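The following questions and answers work through helix packing and a chain interface, one step at a time. Please keep the sequence and the structure in view while reading.

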Amino acid sequence: MTENEHRIIDNCKIKEMLSQKKKMKKFLSVCASCGLCAESCFLYRNKKEPEYMPSYKAINSLGKLFKKKGNVTYTMLEEIKELAWGNCVLCGRCYCPFGIDISSMISWARTICRTQGVYERYDLNVRG
Amino acid sequence: MYEFLRGPMVCIAFLVCVLGLLYQFISLLRLTSVKEHIFYSSKAKKKNRNLLSEESLSNLSIKIKGTILGTEPFVVILTTLFHICIIITPLFLMGHNILMYESWSFSLYSFSESFTDFLTLLFLVCAAIFLLRRIFIARVRAVTGIYDLILLLITIAPFLTGYMAYHQLINYETIITIHILVGEIMLMAIGLTKLGHAVFFFFARLLIGSEYSFSGGSRAWKLKI
(Lines give C-alpha, C1' and ligand atoms only; values in the text may rest on other atoms or scores of the structure.)
Protein backbone atom coordinates (compact mmCIF):
# COMPACT_ATOMS: atom_id res chain seq x y z
CA MET A 1 0.00 0.00 0.00
CA THR A 2 1.30 3.40 -0.88
CA GLU A 3 1.15 6.40 1.40
CA ASN A 4 -1.53 8.02 -0.76
CA GLU A 5 -4.03 5.22 -0.20
CA HIS A 6 -4.19 6.17 3.47
CA ARG A 7 -4.94 9.80 2.73
CA ILE A 8 -8.12 10.99 4.37
CA ILE A 9 -10.87 12.07 2.01
CA ASP A 10 -13.48 14.56 3.21
CA ASN A 11 -16.54 12.64 2.05
CA CYS A 12 -18.89 15.15 3.72
CA LYS A 13 -17.43 17.94 1.61
CA ILE A 14 -17.86 15.85 -1.54
CA LYS A 15 -21.47 15.09 -0.61
CA GLU A 16 -22.13 18.78 0.01
CA MET A 17 -20.63 19.69 -3.37
CA LEU A 18 -22.67 17.01 -5.12
CA SER A 19 -25.85 18.30 -3.51
CA GLN A 20 -25.22 21.68 -5.16
CA LYS A 21 -25.56 20.11 -8.60
CA LYS A 22 -28.90 18.32 -8.58
CA LYS A 23 -29.42 19.34 -12.18
CA MET A 24 -26.30 17.46 -13.23
CA LYS A 25 -27.56 14.37 -11.39
CA LYS A 26 -30.84 14.64 -13.27
CA PHE A 27 -29.10 15.08 -16.61
CA LEU A 28 -26.82 12.12 -15.90
CA SER A 29 -29.83 9.97 -15.10
CA VAL A 30 -31.37 10.58 -18.52
CA CYS A 31 -28.24 9.81 -20.54
CA ALA A 32 -29.43 7.18 -23.02
CA SER A 33 -25.89 5.82 -23.41
CA CYS A 34 -26.30 6.15 -27.16
CA GLY A 35 -22.65 6.92 -27.80
CA LEU A 36 -23.52 9.65 -30.29
CA CYS A 37 -21.41 12.20 -28.45
CA ALA A 38 -18.24 10.29 -29.37
CA GLU A 39 -17.51 11.97 -32.69
CA SER A 40 -17.92 15.46 -31.22
CA CYS A 41 -14.76 14.97 -29.14
CA PHE A 42 -11.55 15.66 -31.03
CA LEU A 43 -9.61 13.46 -28.62
CA TYR A 44 -11.93 10.53 -29.36
CA ARG A 45 -11.70 11.19 -33.09
CA ASN A 46 -7.94 10.99 -32.80
CA LYS A 47 -7.58 8.04 -30.40
CA LYS A 48 -10.78 6.06 -31.21
CA GLU A 49 -10.82 4.62 -27.70
CA PRO A 50 -14.07 4.57 -25.64
CA GLU A 51 -12.28 6.15 -22.67
CA TYR A 52 -12.16 9.40 -24.62
CA MET A 53 -15.88 9.48 -25.35
CA PRO A 54 -17.56 12.44 -23.58
CA SER A 55 -20.36 10.40 -22.00
CA TYR A 56 -17.87 7.81 -20.75
CA LYS A 57 -15.85 10.56 -19.09
CA ALA A 58 -18.91 12.15 -17.46
CA ILE A 59 -20.40 8.83 -16.30
CA ASN A 60 -17.11 7.61 -14.87
CA SER A 61 -16.15 10.88 -13.18
CA LEU A 62 -19.08 12.87 -11.81
CA GLY A 63 -21.45 9.97 -12.44
CA LYS A 64 -19.27 7.74 -10.29
CA LEU A 65 -19.23 10.32 -7.50
CA PHE A 66 -23.04 10.50 -7.59
CA LYS A 67 -23.33 6.72 -7.73
CA LYS A 68 -21.10 6.32 -4.68
CA LYS A 69 -22.92 9.23 -3.00
CA GLY A 70 -19.58 10.88 -2.37
CA ASN A 71 -18.18 7.90 -0.47
CA VAL A 72 -15.05 7.52 -2.56
CA THR A 73 -11.49 6.61 -1.76
CA TYR A 74 -8.31 8.38 -2.77
CA THR A 75 -7.65 5.71 -5.41
CA MET A 76 -11.06 6.35 -6.95
CA LEU A 77 -10.35 10.08 -7.06
CA GLU A 78 -7.05 9.32 -8.75
CA GLU A 79 -8.93 7.32 -11.40
CA ILE A 80 -11.36 10.20 -11.85
CA LYS A 81 -8.40 12.55 -12.18
CA GLU A 82 -7.02 10.47 -15.03
CA LEU A 83 -10.30 10.88 -16.90
CA ALA A 84 -11.08 14.48 -15.99
CA TRP A 85 -7.63 15.83 -16.77
CA GLY A 86 -5.93 13.21 -18.88
CA ASN A 87 -8.77 12.48 -21.30
CA CYS A 88 -10.48 15.86 -21.48
CA VAL A 89 -9.31 19.40 -22.17
CA LEU A 90 -12.69 21.00 -21.34
CA CYS A 91 -12.97 22.56 -24.77
CA GLY A 92 -16.75 22.40 -24.45
CA ARG A 93 -17.30 21.05 -27.95
CA CYS A 94 -18.96 17.82 -26.85
CA TYR A 95 -22.40 17.48 -28.37
CA CYS A 96 -25.19 15.46 -26.79
CA PRO A 97 -28.44 14.86 -28.69
CA PHE A 98 -30.30 15.31 -25.39
CA GLY A 99 -28.54 18.57 -24.66
CA ILE A 100 -26.65 17.27 -21.65
CA ASP A 101 -23.88 19.69 -20.73
CA ILE A 102 -21.08 17.14 -20.47
CA SER A 103 -18.13 19.50 -20.09
CA SER A 104 -19.68 21.24 -17.07
CA MET A 105 -19.97 17.84 -15.36
CA ILE A 106 -16.33 17.00 -15.99
CA SER A 107 -15.43 20.48 -14.79
CA TRP A 108 -17.35 19.92 -11.54
CA ALA A 109 -15.66 16.54 -11.08
CA ARG A 110 -12.34 18.37 -11.39
CA THR A 111 -13.42 20.95 -8.81
CA ILE A 112 -14.38 18.19 -6.38
CA CYS A 113 -11.07 16.42 -6.92
CA ARG A 114 -9.19 19.67 -6.31
CA THR A 115 -10.84 20.14 -2.91
CA GLN A 116 -9.34 16.79 -1.91
CA GLY A 117 -5.88 17.67 -3.15
CA VAL A 118 -6.20 15.48 -6.24
CA TYR A 119 -5.34 17.35 -9.40
CA GLU A 120 -3.10 17.27 -12.42
CA ARG A 121 0.47 18.27 -11.64
CA TYR A 122 1.54 19.67 -14.96
CA ASP A 123 4.91 20.56 -13.49
CA LEU A 124 5.57 16.92 -12.58
CA ASN A 125 3.64 14.93 -15.16
CA VAL A 126 4.32 16.18 -18.64
CA ARG A 127 1.78 14.80 -21.13
CA GLY A 128 2.12 14.56 -24.85
CA MET B 1 -55.78 -12.53 -15.75
CA TYR B 2 -56.68 -11.27 -19.22
CA GLU B 3 -59.65 -9.29 -17.87
CA PHE B 4 -57.49 -7.70 -15.16
CA LEU B 5 -54.79 -6.75 -17.65
CA ARG B 6 -57.32 -5.31 -20.08
CA GLY B 7 -59.26 -3.49 -17.39
CA PRO B 8 -57.84 -1.97 -14.21
CA MET B 9 -54.20 -2.60 -15.12
CA VAL B 10 -54.47 -0.37 -18.20
CA CYS B 11 -55.68 2.49 -16.00
CA ILE B 12 -52.88 1.86 -13.48
CA ALA B 13 -50.27 1.81 -16.26
CA PHE B 14 -51.52 5.07 -17.80
CA LEU B 15 -51.73 6.68 -14.36
CA VAL B 16 -48.15 5.67 -13.47
CA CYS B 17 -46.97 6.89 -16.88
CA VAL B 18 -48.68 10.29 -16.66
CA LEU B 19 -47.87 10.93 -13.00
CA GLY B 20 -44.26 9.80 -13.49
CA LEU B 21 -43.80 12.09 -16.48
CA LEU B 22 -45.45 14.94 -14.59
CA TYR B 23 -43.05 14.43 -11.69
CA GLN B 24 -40.05 14.36 -14.05
CA PHE B 25 -41.37 17.45 -15.83
CA ILE B 26 -41.87 19.45 -12.62
CA SER B 27 -38.52 18.43 -11.13
CA LEU B 28 -36.79 19.49 -14.33
CA LEU B 29 -38.66 22.81 -14.37
CA ARG B 30 -37.51 23.47 -10.82
CA LEU B 31 -33.92 22.61 -11.61
CA THR B 32 -33.77 24.77 -14.72
CA SER B 33 -35.38 27.98 -13.56
CA VAL B 34 -32.16 29.94 -13.11
CA LYS B 35 -30.47 31.31 -16.21
CA GLU B 36 -26.89 30.20 -16.69
CA HIS B 37 -24.03 31.86 -18.48
CA ILE B 38 -23.64 30.44 -21.97
CA PHE B 39 -20.30 30.71 -23.68
CA TYR B 40 -21.55 30.24 -27.22
CA SER B 41 -23.96 33.01 -28.09
CA SER B 42 -26.43 32.43 -30.88
CA LYS B 43 -26.88 36.16 -31.47
CA ALA B 44 -24.35 36.25 -34.27
CA LYS B 45 -26.16 33.74 -36.42
CA LYS B 46 -29.42 35.69 -36.17
CA LYS B 47 -27.91 38.65 -38.06
CA ASN B 48 -28.01 36.79 -41.35
CA ARG B 49 -31.64 36.60 -42.34
CA ASN B 50 -31.24 35.53 -45.96
CA LEU B 51 -31.38 31.78 -45.61
CA LEU B 52 -30.59 31.07 -49.26
CA SER B 53 -27.48 33.24 -49.48
CA GLU B 54 -24.22 31.50 -50.27
CA GLU B 55 -22.90 32.36 -46.82
CA SER B 56 -25.94 30.89 -45.08
CA LEU B 57 -25.78 27.67 -47.07
CA SER B 58 -22.09 27.29 -46.42
CA ASN B 59 -22.68 27.97 -42.69
CA LEU B 60 -25.42 25.36 -42.72
CA SER B 61 -23.20 22.70 -44.24
CA ILE B 62 -20.50 23.47 -41.66
CA LYS B 63 -23.08 23.36 -38.89
CA ILE B 64 -24.45 20.00 -40.05
CA LYS B 65 -20.93 18.56 -40.23
CA GLY B 66 -20.55 19.17 -36.51
CA THR B 67 -23.82 17.53 -35.53
CA ILE B 68 -24.66 13.85 -35.35
CA LEU B 69 -26.38 14.19 -38.72
CA GLY B 70 -22.96 14.89 -40.19
CA THR B 71 -20.97 12.41 -38.12
CA GLU B 72 -23.41 9.49 -37.88
CA PRO B 73 -26.08 9.87 -40.58
CA PHE B 74 -26.99 6.16 -40.50
CA VAL B 75 -27.80 6.26 -36.79
CA VAL B 76 -29.80 9.46 -37.28
CA ILE B 77 -31.96 7.79 -39.96
CA LEU B 78 -32.27 4.68 -37.81
CA THR B 79 -33.25 6.52 -34.65
CA THR B 80 -35.71 8.75 -36.53
CA LEU B 81 -37.48 5.72 -38.02
CA PHE B 82 -37.38 3.94 -34.65
CA HIS B 83 -39.02 6.84 -32.84
CA ILE B 84 -41.60 7.55 -35.55
CA CYS B 85 -42.61 3.88 -35.53
CA ILE B 86 -42.76 3.65 -31.74
CA ILE B 87 -45.23 6.55 -31.62
CA ILE B 88 -47.44 6.06 -34.66
CA THR B 89 -47.69 2.26 -34.77
CA PRO B 90 -49.58 1.71 -31.49
CA LEU B 91 -51.60 4.93 -31.87
CA PHE B 92 -52.97 4.17 -35.32
CA LEU B 93 -53.22 0.38 -35.04
CA MET B 94 -56.65 -0.90 -36.01
CA GLY B 95 -56.86 -3.43 -33.16
CA HIS B 96 -56.05 -0.77 -30.55
CA ASN B 97 -58.59 1.63 -32.04
CA ILE B 98 -61.31 -1.02 -32.00
CA LEU B 99 -60.58 -1.69 -28.32
CA MET B 100 -60.66 2.05 -27.63
CA TYR B 101 -63.99 2.39 -29.43
CA GLU B 102 -65.46 -0.53 -27.51
CA SER B 103 -64.33 0.96 -24.20
CA TRP B 104 -64.76 4.70 -24.66
CA SER B 105 -66.75 5.04 -27.93
CA PHE B 106 -63.82 6.99 -29.34
CA SER B 107 -61.09 6.05 -31.78
CA LEU B 108 -58.26 7.55 -33.79
CA TYR B 109 -57.49 7.12 -37.49
CA SER B 110 -56.37 3.58 -38.28
CA PHE B 111 -53.69 2.50 -40.72
CA SER B 112 -54.30 -0.58 -42.84
CA GLU B 113 -53.18 -3.83 -41.22
CA SER B 114 -50.51 -4.44 -43.84
CA PHE B 115 -49.01 -0.96 -43.29
CA THR B 116 -48.97 -1.43 -39.50
CA ASP B 117 -47.34 -4.79 -40.04
CA PHE B 118 -44.66 -3.10 -42.13
CA LEU B 119 -44.12 -0.40 -39.47
CA THR B 120 -43.78 -3.08 -36.77
CA LEU B 121 -41.21 -4.95 -38.81
CA LEU B 122 -39.34 -1.73 -39.51
CA PHE B 123 -39.32 -0.97 -35.78
CA LEU B 124 -38.05 -4.45 -34.95
CA VAL B 125 -35.24 -4.17 -37.50
CA CYS B 126 -34.19 -0.76 -36.10
CA ALA B 127 -34.38 -2.11 -32.55
CA ALA B 128 -32.30 -5.16 -33.49
CA ILE B 129 -29.62 -2.89 -34.98
CA PHE B 130 -29.66 -0.79 -31.79
CA LEU B 131 -29.24 -3.94 -29.72
CA LEU B 132 -26.37 -5.19 -31.88
CA ARG B 133 -24.82 -1.71 -31.75
CA ARG B 134 -24.92 -1.84 -27.96
CA ILE B 135 -23.24 -5.25 -27.94
CA PHE B 136 -20.66 -4.98 -30.71
CA ILE B 137 -19.60 -1.34 -30.99
CA ALA B 138 -16.93 -0.70 -28.36
CA ARG B 139 -17.77 2.92 -27.61
CA VAL B 140 -21.47 2.16 -27.10
CA ARG B 141 -20.70 -0.97 -25.10
CA ALA B 142 -18.43 1.07 -22.81
CA VAL B 143 -21.36 3.17 -21.57
CA THR B 144 -24.02 0.45 -21.74
CA GLY B 145 -25.11 -1.14 -18.50
CA ILE B 146 -27.56 -3.93 -17.84
CA TYR B 147 -30.16 -1.23 -17.10
CA ASP B 148 -29.88 0.13 -20.66
CA LEU B 149 -30.30 -3.35 -22.13
CA ILE B 150 -33.36 -4.05 -19.96
CA LEU B 151 -34.94 -0.76 -21.05
CA LEU B 152 -34.31 -1.58 -24.70
CA LEU B 153 -35.86 -5.02 -24.23
CA ILE B 154 -38.87 -3.46 -22.46
CA THR B 155 -39.30 -1.23 -25.51
CA ILE B 156 -38.97 -4.06 -28.00
CA ALA B 157 -41.19 -6.57 -26.16
CA PRO B 158 -44.65 -5.06 -26.94
CA PHE B 159 -43.81 -4.85 -30.65
CA LEU B 160 -42.38 -8.33 -30.84
CA THR B 161 -45.30 -9.90 -28.98
CA GLY B 162 -47.77 -7.80 -30.98
CA TYR B 163 -46.22 -9.03 -34.22
CA MET B 164 -46.31 -12.63 -32.96
CA ALA B 165 -49.93 -12.25 -31.87
CA TYR B 166 -51.03 -10.74 -35.20
CA HIS B 167 -49.39 -13.56 -37.15
CA GLN B 168 -50.50 -16.11 -34.52
CA LEU B 169 -47.02 -17.61 -34.38
CA ILE B 170 -47.78 -19.26 -31.03
CA ASN B 171 -50.94 -19.72 -28.96
CA TYR B 172 -52.87 -16.48 -29.51
CA GLU B 173 -54.42 -16.15 -26.06
CA THR B 174 -51.09 -16.57 -24.30
CA ILE B 175 -49.19 -14.17 -26.52
CA ILE B 176 -51.88 -11.47 -26.48
CA THR B 177 -51.92 -11.60 -22.66
CA ILE B 178 -48.13 -11.25 -22.62
CA HIS B 179 -48.43 -8.44 -25.19
CA ILE B 180 -50.81 -6.46 -22.97
CA LEU B 181 -48.64 -7.06 -19.91
CA VAL B 182 -45.38 -5.94 -21.55
CA GLY B 183 -47.16 -2.97 -23.12
CA GLU B 184 -48.27 -1.86 -19.67
CA ILE B 185 -44.78 -2.41 -18.29
CA MET B 186 -43.45 -0.17 -21.07
CA LEU B 187 -45.99 2.54 -20.30
CA MET B 188 -45.02 2.52 -16.63
CA ALA B 189 -41.34 2.51 -17.53
CA ILE B 190 -41.86 5.70 -19.60
CA GLY B 191 -43.03 7.47 -16.47
CA LEU B 192 -40.47 6.04 -14.10
CA THR B 193 -37.23 5.58 -16.02
CA LYS B 194 -35.04 7.32 -18.56
CA LEU B 195 -37.55 6.29 -21.21
CA GLY B 196 -39.13 9.54 -20.06
CA HIS B 197 -36.85 11.17 -22.60
CA ALA B 198 -40.01 11.12 -24.70
CA VAL B 199 -40.80 14.36 -22.87
CA PHE B 200 -37.34 15.26 -21.68
CA PHE B 201 -35.97 15.43 -25.22
CA PHE B 202 -37.96 18.57 -26.10
CA PHE B 203 -36.89 20.19 -22.85
CA ALA B 204 -33.28 19.44 -23.50
CA ARG B 205 -33.30 20.81 -27.02
CA LEU B 206 -34.18 24.21 -25.62
CA LEU B 207 -31.77 23.94 -22.72
CA ILE B 208 -28.67 22.89 -24.56
CA GLY B 209 -25.93 25.43 -24.02
CA SER B 210 -24.39 25.73 -27.42
CA GLU B 211 -24.93 27.06 -30.89
CA TYR B 212 -26.86 23.88 -31.74
CA SER B 213 -29.79 24.80 -29.52
CA PHE B 214 -33.10 25.66 -31.12
CA SER B 215 -33.50 28.64 -28.85
CA GLY B 216 -29.97 29.84 -28.18
CA GLY B 217 -29.58 27.63 -25.14
CA SER B 218 -29.85 29.81 -22.09
CA ARG B 219 -30.54 26.72 -19.95
CA ALA B 220 -33.52 28.37 -18.32
CA TRP B 221 -37.23 28.39 -18.81
CA LYS B 222 -37.55 32.09 -18.16
CA LEU B 223 -36.42 32.80 -21.68
CA LYS B 224 -37.69 34.55 -24.79
CA ILE B 225 -37.99 31.98 -27.56
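Q: Which residues of α7(A) does α2(A) meet?
A: In this predicted model, the side of α2(A) is made up of Met24(A), Phe27(A) and Leu28(A). By class, the residues of this contact divide into 5 nonpolar, 1 polar and no charged. The partners that α7(A) supplies are Ser104(A), Met105(A) and Trp108(A).

Q: Are α2(A) and α7(A) oblique or roughly antiparallel to each other?
A: Helix α2 of chain A, residues 22–29, and helix α7 of chain A, residues 102–115, have axes that come within 11 Å and cross at roughly 125°, and the crossing is left-handed. Roughly antiparallel would require an angle over 145 degrees, whereas 65 to 115 would count as roughly perpendicular. The angle of roughly 125° therefore makes the two helices oblique.

Q: How are α8(B) and α10(B) oriented to each other?
A: Helix α8 (residues 113–136) and helix α10 (residues 146–166), both of chain B, pack with their axes 10 Å apart and at an angle of about 150°. Their crossing is left-handed. Because angles over 145 degrees count in this way, α8(B) and α10(B) are roughly antiparallel.

Q: How many charged residues does the contact of α8(B) with α10(B) have?
A: The contributors from α8(B) include Glu113(B), Asp117(B) and Arg134(B), and Asp148(B) is one of those from α10(B). Among the others are Phe123(B) and Leu124(B) of α8(B), together with Leu152(B) and Phe159(B) of α10(B). By class, the contact has 13 nonpolar and 2 polar residues, and the number of charged residues is 4.

Q: What is the handedness of the crossing of α10(B) and α11(B)?
A: The axes of α10(B) and helix α11 of chain B, residues 172–192, come within 8 Å and cross at roughly 155°. That angle makes the two helices roughly antiparallel. In α10(B), residues including Ile154(B), Pro158(B) and Gly162(B) take part in the contact, and in α11(B) the participants include Ile175(B), His179(B) and Met186(B). By class, this contact has 13 nonpolar, 5 polar and no charged residues, and the handedness of the crossing is left-handed.

Q: Which residues in chain A lose the most area to chain B?
A: The contact takes 31 residues from chain A and 32 residues from chain B. The area buried between the two chains is about 2,800 Å², of which carbon and sulfur atoms give 62%. In chain A, together 24% of what that side buries comes from Lys23(A), Tyr95(A) and Phe98(A).

Q: How many salt bridges does the rule find across the interface of chain A and chain B?
A: A pair would count if a side-chain nitrogen of Lys or Arg lay within 4 Å of a carboxyl oxygen of Asp or Glu. Across this interface, the number found by that rule is 0.

Methods. Residues are numbered from 1 along each chain as its sequence is written. Chains are lettered from A and ligands numbered from 1 in the order in which they are written. This is a predicted model: local features need pLDDT of at least 70, side-chain atom pairs count only at pLDDT 80 or more; totals for chains, interfaces and linings use all residues. Side-chain values use heavy atoms; hydrogens and water are left out. Axes are lines fitted to C-alpha atoms, for helices over the stretch in contact, and angles run from 0 to 180 degrees between N-to-C directions. Helices (H or I, at least four residues) and strands (E, at least two) are DSSP runs, numbered from the N terminus. Angles under 35 degrees count as roughly parallel, over 145 as roughly antiparallel, 65 to 115 as roughly perpendicular and the rest as oblique. A crossing is left-handed if the near helix is turned anticlockwise from the far one by less than a right angle, and right-handed if clockwise. Contact means heavy atoms within 4.5 Å. Ala, Val, Leu, Ile, Met, Phe, Trp, Tyr, Cys and Pro count as nonpolar, Asp, Glu, Lys and Arg as charged, and the others, Gly among them, as polar. Buried area is the accessible area (1.4 Å probe) that two parts lose on being put together, summed over both.
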